[in-house]
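Before reading this report, please take a moment to look over the sequence and the structure shown here. The sections that follow move from the overall layout to single pairs of residues.

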Amino acid sequence: MKVNNKQVVLDMRPLDEILSSMPEISQGDLIPLLQQIQSRYGYLRRDVVCEMSRRTKIAVSRIYGVATFYEQFHLEPHGRHTIKCCRGTACHVKGAPEITEAITRVTGVSPGETTDDMKFTFETVACLGTCFLAPVIMIDDDYFGHLTVNKVEGIITNYE
Amino acid sequence: MAEKKIKSLGDLTALAGKISESKKNIKARVLICMTGCRALGAELVANEFREKLSAASLDDSVEVVEVGCIGMCAMAPLVLIEPYDVLYGKIRPKHVDEIISATIEKGEILDKFVVKEDGKPVAKISDVSFYKQQQRQVLGNCGRIDPRQIDDAIEKGGYVSAVKAITETAPDQIIEDLIKAGLRGRGGAGFPAGLKWKFARQAPGDEKYLICNADEGDPGAFMDRALLEGDPHKVIEGMLVAAYAIGASHGLMYVRAEYPIAVEHVKIAIVQAREYGLLGGDIAGSGFSFDLEVRMGAGAFVCGEETALIGSLEGKRGMPTPRPPFPATCGYKGKPTNINNVETFANVPLVLSMGPDGYSSIGTEKSKGTKIFALAGKVKNTGLVEVPMGATLRQIVYEIGGGIPDKKEFKGAQLGGPSGGCIPAEYLDYPIDYDSLQELGAIMGSGGLIVMDEDTCMVDIARYFLDFTQSESCGKCTPCRVGTAKMLKMLEAICRGEGKESDLDELERLGEDIRKASLCGLGQTAPNPVLSTLRYFRDEYLEHIREKTCRSGVCKDLLHYVILDVCVGCGACKKVCPVDVIAGEKKQVHTLDQDKCIKCGQCYQTCKFKAISR
Ligand SMILES: Cc1cc2nc3c(=O)[nH]c(=O)nc-3n(C[C@H](O)[C@H](O)[C@H](O)COP(=O)(O)O)c2cc1C
Ligand code: FES
């Protein structure tokens with residue numbers, strides 16, 4: 001049997017929809033465009049980015065220049081759950097560094113990385129805007145506030 | 001829906017009257033915060049109220065309103081009940097039945113849910129010290145209206161100032177009033193808003209742009225988010241006035257990526273304002289046209305800087321450009337552009353309704369009006385506070401904030417985030433305004449106010465902020481890119497106990513150089529946290545260097561966890577230790593292997609007998 005070594009066949013429909021919803025695309029639309037692509041595809045897939053470049057005539061180098069500048073964009077797929085650990089000032093003075101280390105200990109990955117089994121992506125963020133819960137982390141849409149190092153493992157192991 | 005359009009000031013006030021009239025049979029309103037309180041399940045509480053009220057057939061006379069930040073986040077989730085004006089805190093769905101039957105049906109106040117002061121419950125929100133010391137005028141509607149209903153804003157007088165201005169007042173007059181009122185930018189530098197508008201107005205060109213800076217990058221600040229989520233119409237109203245004054249027909253609101261709810265509320269507000277003809281063509285029959293679009297940031301602190309922000313809007317890497325040219329002459333798409341912060345715009349309707357003299361009667365000689373602070377860190381009542389310019393730190397931290405928890409000592413307060421500085425206890429009674437903060441080596445910044453106590457290490461704080469600015473430096477100019485990295489390396493060494501005394505002078509020298517030579521505000525202010533802690537807390541630096549100790553127990557490399565003789569041998573620490581370095585028999589004093597300890601602190605936090613020291 002012949003093995004198809006392309007892992008996933010690229011589905012262009014989301015890209016078609018995004019591009020057709022924006023009439024005249026210029027450099028100024030690049031960030032909203034990338035935001036939409038990321039929200040539909042989960043991350044900025046190389047093949048999608050190249051196809052988008054071909055259709056919009058925005059150079060691939062330019063697109064990557066922008067994509068790598070902003071923290072929001074990621075070029076690799078994310079795990080099933082995203083752990084966001086706040087490293088804002090309020091959280092820092094209330095022990096965020098220890099929480100960050102504890103998350104790394106439990107998941108085995110450092111901020112910015114994804115576990116091999118694709119279960120968790122671990123990120124740090126500048127402030128979750130819930131400083132009154134400091135130190136606080138978010139897993140997907142759930143907040144866990146007033147954390148202590150001891151609680152971290154119990155919280156994370158609850159996720160499948 | 002053409003008949004919905006407002007064609008004059010009269011239409012608007014008539015509409016406000018009609019809205020109040022339609023709410024006549026509302027006997028009570030349950031206001032539930034959906035900003036920060038959302039994180040603690042406020043949505044479930046709101047749903048429970050709706051369900052139970054409708055089961056009791058009270059849904060016609062009692063309104064459940066999802067509001068913006070009520071302020072006292074420490075008591076989240078918060079529920080405020082009108083007309084009694086009683087504030088309940090830490091409310092869960094299971095409490096809803098009791099609140100309906102006692103407070104809503106009979107007007108009884110439930111002491112167990114209200115704020116206690118000196119052990120006594122305080123029934124009315126206006127009597128709670130946290131609110132009594134504040135002057136909530138910009139935040140006036142925040143927590144009182146449904147931000148997704150323009151009618152709520154209009155009922156409270158929203159858009160009256162703007163419509164009056166664009167139908168009755170000449171642009172130059174508005175600018176003069178703003179200058180006279182003394183409104184200064186709330187986004188950081190405190191530049192007079194009226195002057196900036198004047199430059200943009202005078203700049204040649206037919207096409208001009210207006211930008212609202214809602215990037216709010218200071219980690220630990222959430223004022224702008226609260227305003228946008230809680231009262232977006234006030235910001236839009238301010239922008240409308242600005243657009244008219246400078247002659248812009250197109251506006252952009254640049255909102256931080258991490259604020260999806262703010263984006264949602266602003267988008268709803270824009271659609272609703274357009275339906276009423278308060279945005280779009282021929283606004284309120286004035287002939288003036290202005291429309292607004294929302295753009296989301298993509299997570300780069302430097303994009304809060306105005307030229308970087310404009311670059312980002314143009315789809316580029318967000319790197320600052322040298323000024324001049326200033327945005328007022330050459331900004332977005334190369335056109336004259338005026339850029340202000342969210343809170344600055346939210347002040348504009350107030351300036352107009354109070355008049356320049358009324359407005360400038362609040363505040364200090366050179367700083368007028370109020371300022372919103374996000375109060376967080378080691379303070380009891382964390383939350384959002386608005387005080388007149390010139391209030392003291394003591395008022396904010398102690399009278400409003402309720403002081404430091406666990407009877408700890410106040411050590412300092414960081415104002416202005418990574419661009420600001422640390423103010424020590426000796427200046428607790430110093431009035432806070434733009435100029436006094438500058439004198440003390442801090443800045444007003446956007447309004448983040450982080451309280452620190454004896455357990456906060458000032459060297460670590462300086463290192464923390466430098467780490468932040470260094471990683472957020474866009475890398476365009478060398479003083480900022482290389483200079484901050486160099487400062488950070490030295491600070492890290494000091495935190496590890498490997499610093500030299502000469503490092504301190506070197507840090508100061510380097511800091512001054514970076515301040516002078518950097519291209520944008522990021523680099524120009526990045527040394528501030530280091531310079532201000534060196535100025536006020538030099539002894540802590542010296543301790544790290546000479547004695548290799550960190551008195552606050554923060555700097556890991558200088559810490560040693562030791563089990564003391566008072567250990568009762570309960571085994572709790574042994575159980576939590578993730579690297580199994582604690583040994584000992586039950587009921588015997590335990591031992592800890594220093595060489596293998598990773599200093600995670602779990603044993604220290606777990607021990608109930610204070611038998612572990614660090
Ligand atoms: C690194 C850096 C970050 C900034 N971040 C913000 C921000 O998040 N929000 C803001 O309003 N202004 C920010 N500013 C200030 C803006 O450059 C600009 O001065 C401000 O938006 C002007 O508005 P104002 O005059 O109403 O204060 C920042 C400046 C620098 C240098
Ligand atoms: S500092 Fe962590 S939520 Fe703001």
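## The surroundings of ligand 1

A residue is taken to be near a molecule if its C-beta atom, placed from the backbone, lies within 6 Å of that molecule. With this in mind, and remembering that the model is a predicted one, we can ask which residues come nearest to ligand 1. Of the 23 residues around the ligand, those that come nearest are Gly185(B), Gly187(B), Gly304(B), Asn341(B) and Gly521(B). Two elements of chain B give two or more residues to this shell, namely strand β10 (337–341) and helix α19 (521–525), and β10(B) gives the most, with three residues.

By class, the shell around ligand 1 is made up of seven nonpolar, 11 polar and five charged residues. Between which domains does ligand 1 lie? Because domain 2 (157–359) and domain 4 (458–547) of chain B both give residues to the shell, ligand 1 lies between these two domains.

## Chains and domains

Chain A has seven helices and four strands, and these elements follow one another from the N terminus in the order α-α-α-α-β-α-α-β-β-β-α. The C-alpha trace of chain A spans about 50 × 45 × 25 Å along its principal axes. Chain A is divided into domain 1 (13–69) and domain 2 (81–157), and the C-alpha centres of these domains of chain A lie 30 Å apart.

Chain B is divided into domain 1 (24–128), domain 2 (157–359), domain 3 (370–453), domain 4 (458–547) and domain 5 (560–613). For domain 3 and domain 5 of chain B, the centres taken over C-alpha atoms are separated by 37 Å.

## Where the two chains touch

The contact between the chains takes 37 residues from chain A and 44 residues from chain B. On the side of chain A that touches chain B, the elements that give two or more residues are the helices α2 (30–41), α4 (60–69), α5 (89–93), α6 (96–107) and α7 (149–157) of chain A. Sorted by class, this side of chain A has 19 nonpolar, 13 polar and five charged residues.

## A parallel sheet and two helices in chain B

Strand β10 of chain B, already met in the shell around ligand 1, also belongs to an open sheet of four strands with parallel pairing, in the order β9-β8-β7-β10 (chain B). The edge strands, each of which pairs on one side only, are β9 (291–296) and β10 of chain B, and the twist from one strand to the next averages 20°. Within this sheet, strand β8 (residues 250–255) of chain B runs parallel to β9(B) and is joined to it by six bridges, with Tyr254(B) standing opposite Arg295(B) in β9(B).

Helix α11 of chain B lies across β7 (209–214), β8 and β9 of chain B, and runs at about 165° to β9(B). The axes of helix α9 (residues 223–230) of chain B and helix α11 (residues 260–275) of chain B come within 8 Å and cross at roughly 40°, in a left-handed crossing. Arg225(B), Leu228(B) and Glu229(B) of α9(B) make this contact with Ile261(B), Ala262(B), His265(B) and Val266(B) of α11(B), and the residues involved divide into four nonpolar, one polar and two charged.

## Other strands of chain B

A further open sheet in chain B has five strands in the order β12-β11-β15-β13-β14, and its pairing is mixed. Its edge strands are β12 (383–388) and β14 (421–424) of chain B, while neighbouring strands are turned against each other by 30° on average, direction ignored. Strand β11 (residues 370–377) of chain B runs antiparallel to β12(B), to which six bridges join it, and the bridge partner of Ile372(B) in β12(B) is Glu386(B).

Elsewhere in chain B, strand β1 (residues 28–33) and strand β3 (residues 79–82) pair in the antiparallel sense over four bridges, and here Leu31(B) stands opposite Leu80(B) in β3(B). The strand β3(B) also pairs in the antiparallel sense with strand β4 (residues 86–88) of chain B, over three bridges, one residue pair being Ile81(B) and its bridge partner Val86(B) in β4(B). Together β3(B) and β4(B) form a hairpin with three residues between them, and in the turn Asp85(B) has a positive phi of about 55°.

Note on methods. Residues are numbered from 1 along each chain as its sequence is written. Chains are lettered from A and ligands numbered from 1 in the order in which they are written. This is a predicted model: local features need pLDDT of at least 70, side-chain atom pairs count only at pLDDT 80 or more; totals for chains, interfaces and linings use all residues. Axes are lines fitted to C-alpha atoms, for helices over the stretch in contact, and angles run from 0 to 180 degrees between N-to-C directions. A crossing is left-handed if the near helix is turned anticlockwise from the far one by less than a right angle, and right-handed if clockwise. Two residues are in contact if their C-beta atoms, placed from the backbone, lie within 7 Å. Ala, Val, Leu, Ile, Met, Phe, Trp, Tyr, Cys and Pro count as nonpolar, Asp, Glu, Lys and Arg as charged, and the others, Gly among them, as polar. Two strands pair if DSSP finds at least two bridges between them. Domain bounds come from an automatic or database domain assignment.
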